[in-house]
Amino acid sequence: MIHSIGLFWRHDQVNWGAGSQAGALLGVPAHNTTAEPIDFRRQMGIYVLYSDYRPIYVGQAGSGNAKLFARLKRHMSDDLSERWDRFSWFGLRRVLNSGELSKVNQSSHPAIATVLDHIEAILIHSIEPPL
């Protein structure tokens, strides 16, 4: 179910965009660090915010219109904005050979919202974040 992950990315090294610039959430495969960067901005899944590697928040991205980048960017200006410095994410969309993210196919899987609710609950109960 989880097809791609990003672990302990620093928020100050992300291009969050400004004005008409959209920003990007770029990463490369762990097994091929010289590969062309993949933009995970539209990834769907679960994410964890950390303060100095201590988990403080678990959230989900993709059950509505807000994909991973939008959810993370929102936390740059909400009540958590000064409380986190890193994040990890666990994505449901595969990376295709073209470097693009796969399409969402709900016909052969449970509804995305159900899957996200279950994964989020598991992480909340296993990590026990304070927020």
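In what order do the four strands of the open sheet lie, and is their pairing parallel or antiparallel? The legends below address this point and then the chain as a whole, as seen in a predicted model.

**View 1. The open sheet of the predicted model.** The four strands of this open sheet follow the order 1-6-4-5, and their pairing is antiparallel. Strand 1 (4-10) and strand 5 (54-61) form the edges, each pairing on one side only. On average, neighbouring strands of the sheet are turned by 15° against each other, direction ignored. Strands of a sheet pair through backbone hydrogen bonds, in either a parallel or an antiparallel manner.

**View 2. The pairing of strands 4 and 5.** Strand 4 (residues 45-51) is joined to strand 5 by seven bridges, and the two strands run antiparallel. One residue pair can be located by name: serine 51 has arginine 54, in strand 5, as its bridge partner.

**View 3. The succession of elements along the chain.** Two helices and six strands occur in the protein chain. Read along the sequence, these elements give the pattern β-β-β-β-β-α-β-α. Among contacts between residues at least 6 apart in sequence, 65% join residues at least 24 apart.

**View 4. Overall dimensions and surface.** The C-alpha trace spans about 35 × 35 × 30 Å along its principal axes. The radius of gyration of the protein chain is 14 Å, which agrees with the value near 14 Å that a compact globule of 131 residues would have. Buried residues account for 40% of the 131 residues. The accessible surface comes to about 7800 Å², and 50% of this surface belongs to carbon and sulfur atoms.

How values were computed:
Residues are numbered from 1 along each chain as its sequence is written. This is a predicted model: local features need pLDDT of at least 70, side-chain atom pairs count only at pLDDT 80 or more; totals for chains, interfaces and linings use all residues. Side-chain values use heavy atoms; hydrogens and water are left out. Two strands pair if DSSP finds at least two bridges between them. Axes are lines fitted to C-alpha atoms, for helices over the stretch in contact, and angles run from 0 to 180 degrees between N-to-C directions. The radius of gyration is taken over C-alpha atoms; the globule rule is 2.2 Å times the number of residues to the power 0.38. Buried means under 20% relative accessible area, exposed over 50%, partly exposed in between (1.4 Å probe, protein chains only). Contact means heavy atoms within 4.5 Å. Accessible areas come from the Shrake-Rupley method with a 1.4 Å probe; for residues, only the protein chains shown count as cover.
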